[in-house]
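Trainee: I would like to take a close look at a single part of this model. Could you choose one strand and walk me slowly through its surroundings?

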Amino acid sequence: METAIGVFASRDSAEEAVQELRQRGVPQQSMVFLTRSESEAKTIAKEFGATVGGFVGGAAGMSAGVVAATLLLPGIGPVFALGFGAAALLGLAGAGAGATVGSAATHDKEAPQPTPDEKCSEDADFFREVLKEGRSLIVVRTESQQIATSACAILDRLGLGMQGKTPVKMQTNTRQIGDVIVLDISGRITLGEGNVMLREIVRDLAEQGKKRIVLNLGEVNYIDSSGVGELVKTHTTVRNKGGELKLANLNKRVQDLLQMTRLSAVFDIQKDEANAIKSFGRQGPSAEAVA
């Protein structure tokens, strides 16, 4: 399952992104839109094809698997959600897909239900933090590489404000310092390249019981919307195994990206490798290469 995330401060950009996603053949069932703005939600609902009769305190219309709901989140307030799986993304999967907290909604009972893995596939803290800061989100989740590629191109340009790609593909090197694993990453973290490599490496480390991991991003100069999604899932993977993940050595471009998407408020970001290792607590003196 590929995940692409676009973060928007402008309603016009979000609306344009939804229009382009639909024009490029991205299914409505693969898209989720989240916002705290009722007016923005109503505007985007028209692009989803949902007939919205009022979000807060009432039911919302839907069509062909599109869910429109109000979710009342502690510390945030009303969140207007369009698209199947929005509740799961916000950590409300236990209430059921399309369910609301504090108000009512309708949903397509024939729409495919998410599996337990899908319900827990994202880090709810990230989405909540972005919404808390007044941003809106478009999340595309799909098994299709073609659809993911189309979605990334649109969300990169309109959601992350990125144009073009660096020609340097992602490369990695893994080192162990005491009980900390340092994963050196260079190049780009993008759909079909870096995101899959990062996913597999971190998953293997977590399965080996490595619970203290530093991602050294000093040589990473490009992260697309799928790469942002992979960082979110990487954080969740390590945390679900009882571990901790730190980011270190971010260059200005990556730092600005994480600030804009509010990932900076979710991740533990350290100035450099030494500070990242120290932040875990007392470590052993030895260092050895593990890959």
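Mentor: Let us begin with the pairing of strands β9 and β10, which run parallel and are joined by three bridges; two strands are said to pair if DSSP finds at least two bridges between them. The strand names follow DSSP runs numbered from the N terminus, where a strand (E) has at least two residues and a helix (H or I) at least four. Before going further, note that this is a predicted model, in which local features need pLDDT of at least 70 and side-chain atom pairs count only at pLDDT 80 or more, while totals for chains, interfaces and linings use all residues. Residues are numbered from 1 along each chain as its sequence is written, and side-chain values use heavy atoms, with hydrogens and water left out.

Within the pairing of β9 with β10, the bridge partner of Lys246 is Asp268. To get from β9 to β10, the chain passes through helix α9 (residues 252-261), and this β-α-β crossover is right-handed; that is, with the strands pointing away from the viewer, the path from the first strand over the helix to the second runs clockwise.

Lys246 and Asp268 also meet through their side chains, in a salt bridge of 2.6 Å from N to O. Because Lys246 belongs to β9 (residues 244-248) and Asp268 to β10 (residues 268-270), the pair ties together parts that are 22 residues apart in sequence. A salt bridge here is a side-chain nitrogen of Lys or Arg within 4 Å of a carboxyl oxygen of Asp or Glu. In general, side chains of opposite charge can pair when their charged atoms come close. Lys246 is buried, at 3% relative accessibility, whereas Asp268 is partly exposed, at 27%; buried means under 20% relative accessible area, exposed over 50%, and partly exposed in between, with a 1.4 Å probe and protein chains only.

The strand as a whole fits this picture, since four of the five residues of β9 are buried, so β9 is largely enclosed by the rest of the structure. Strand β8 (residues 212-223) also pairs with β9, in the parallel sense and over five bridges. One example is Asn216, whose bridge partner in β9 is Ala248. The chain travels from β8 to β9 by way of helix α8 (residues 225-240), again in a right-handed β-α-β crossover.

Strand β8 leads us to the interior, where the largest nonpolar core has 46 residues, and those with the most contacts inside it include Ile185, Leu198 and Leu215. The largest share of this core, five residues, comes from β8. Such a core is a set of buried Ala, Val, Leu, Ile, Met, Phe, Trp, Tyr and Cys residues joined through side-chain atoms within 4.5 Å. Ile185 touches Leu215, Asn216 and Leu217, among others, not counting residues up to four places away in sequence, where contact means heavy atoms within 4.5 Å.

For comparison with the pair in β9 and β10, consider two other salt bridges. Arg175 and Asp184 form one, with their closest N and O atoms 2.7 Å apart; Arg175 is partly exposed at 23% relative accessibility, while Asp184 is buried at 16%. Glu129 and Lys132 form another, at 4.0 Å from N to O, and both lie in helix α5 (residues 124-132), three residues apart, about one turn of the helix. The count of salt bridges comes to 12.
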